[in-house]
There are 2 protein chains.
Amino acid sequence: MEQGHARALKEAGMKATPKRLAILEALYAESGYASPEELWKRLRDRFDRLGLPTVYRNLEELAASGVITKVIHPNRQLYYFFCPNREHHHHFVCLSCRKVEDLPACGLSALEQEVSRSIGGKVLSHILQLNGLCGVCAAAAGGTP
Amino acid sequence: MEQGHARALKEAGMKATPKRLAILEALYAESGYASPEELWKRLRDRFDRLGLPTVYRNLEELAASGVITKVIHPNRQLYYFFCPNREHHHHFVCLSCRKVEDLPACGLSALEQEVSRSIGGKVLSHILQLNGLCGVCAAAAGGTP
DNA sequence: ATCCTAAAACGAAATCATTTCTATTTAGGA
DNA sequence: TCCTAAATAGAAATGATTTCGTTTTAGGAT
């Protein structure tokens with residue numbers, strides 16, 4: 001993995017610094033999405049010094065480069081997720097256990113084109129995310145009176 | 001309009017207080033989305049006293065009741081939009097001039113069902129928003145070297 | 001291997017949008 | 001007209017996120 005992550009950084013045109021790699025690997029090790037502070041708490045013991053701003057900065061840069069994904073959360077805080085899928089796609093996010101799953105093919109390019117044409121403007125990006133409860137969490141919620 | 005907005009509030013189970021009505025009408029008068037502070041600045045002269053927290057609180061309540069719509073913005077601040085369309089639908093948002101336009105029918109219920117089934121969980125909500133430049137802003141951007 | 005430079009990291013401090021809290025006021029049904 | 005739950009004030013707190021000036025470092029060039 002180390003190798004692959006270093007390569008991913010290089011491909012994104014980013015220096016493979018130890019901390020940046022560690023942040024990326026920590027996110028990779030998460031089963032769901034994670035917040036900057038959570039990752040920082042998990043990593044700070046492994047370095048003599050690691051600032052929370054460094055974690056924020058790196059996560060933002062990694063997301064901007066497309067190496068990781070930002071989660072849109074109802075509480076409006078920042079969360080990130082490592083998704084190995086390099087295709088353009090979207091996610092299902094479990095708001096209970098933080099699991100993130102890929103959605104099948106994003107069929108929005110047709111919509112984008114149609115909207116661009118009908119509006120006479122330019123669609124630059126789109127946001128699509130399903131929120132809910134994954135199988136495990138739905139079962140737990142349903143089984144709890 | 002006054003009448004209609006008061007009715008909309010009643011239907012939403014909310015008291016039609018003067019300030020709440022004024023906030024709703026101010027948002028209605030906006031051509032695009034607006035922030036709590038912008039609306040507050042526009043309204044505070046009309047009342048001897050009007051607190052910014054009151055604007056925040058009302059906008060949030062109105063959005064929760066479905067009377068107004070929240071905009072998802074890259075800068076992660078709160079913006080709201082008055083959309084008279086009561087059908088379930090989504091929006092195209094111009095990031096330059098703040099214009100908001102309705103998208104044609106949201107075709108996500110099929111996707112929700114499929115995802116619910118394949119994941120074995122429950123899709124509770126979805127986010128879909130197109131961001132871009134409206135016709136006017138795209139032309140202006142294109143014409144500016 | 002050593003240098004050099006732009007990039008990255010530091011962390012304390014600032015920021016500032018948003019929320020909380022308690023007391024006071026008010027809408028609107030009884 | 002009363003009554004009560006809902007709404008408002010507004011000062012203060014909050015706390016996630018960013019800024020800033022300085023120091024360190026990765027990694028291509030020599």
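In this predicted model, B:Val93 sits opposite B:Asn131 of strand S5 in chain B. That pairing belongs to a parallel arrangement in which strand S3 (residues 91–94) and S5 (residues 122–133) of chain B are joined over four bridges. S3(B) also pairs with strand S4 (residues 100–102) of chain B, here in the antiparallel sense and over three bridges, with B:Phe92 facing B:Glu101 of S4(B). S3(B) and S4(B) make up a hairpin with five residues between them, and B:Arg98 in the turn has a positive phi of about 75 degrees.

In a regular strand, side chains alternate between the two faces of the sheet. In S3(B), B:His91 and B:Val93 lie on one side and B:Phe92 and B:Cys94 on the other; all are buried, and both faces of the strand are thus covered.

Turning to the DNA, strand D is surrounded by 22 residues, with A:Ala16, A:Tyr56, B:Lys19, B:Arg49 and B:Thr54 the closest. The residues of this surface comprise seven nonpolar, six polar and nine charged. Helix H4 (52–64) of chain A and helices H2 (18–29) and H4 (52–64) of chain B each supply at least two of them, and H4(B) provides the largest share, four residues.

Sugar or phosphate accounts for 78% of the strand D atoms within 4 Å of the protein, and bases for the rest. Two contacts involve phosphate oxygens of strand D: a backbone N or O atom of A:Ala16 lies 2.8 Å from one, and a side-chain N or O atom of A:Tyr56 lies 2.6 Å from one. A base nitrogen of strand D, in turn, is 3.3 Å from a polar side-chain atom of A:Lys15.

Key
Residues are numbered from 1 along each chain as its sequence is written. Chains are lettered from A and ligands numbered from 1 in the order in which they are written. This is a predicted model: local features need pLDDT of at least 70, side-chain atom pairs count only at pLDDT 80 or more; totals for chains, interfaces and linings use all residues. Side-chain values use heavy atoms; hydrogens and water are left out. Buried means under 20% relative accessible area, exposed over 50%, partly exposed in between (1.4 Å probe, protein chains only). Helices (H or I, at least four residues) and strands (E, at least two) are DSSP runs, numbered from the N terminus. Two strands pair if DSSP finds at least two bridges between them. A residue is near a molecule or strand if one of its heavy atoms lies within 4 Å of it. A polar contact is a pair of N or O atoms within 3.5 Å; within protein, one must be able to donate a hydrogen and the other to accept it, and residues adjacent in sequence count only if both atoms are side-chain atoms. Ala, Val, Leu, Ile, Met, Phe, Trp, Tyr, Cys and Pro count as nonpolar, Asp, Glu, Lys and Arg as charged, and the others, Gly among them, as polar.
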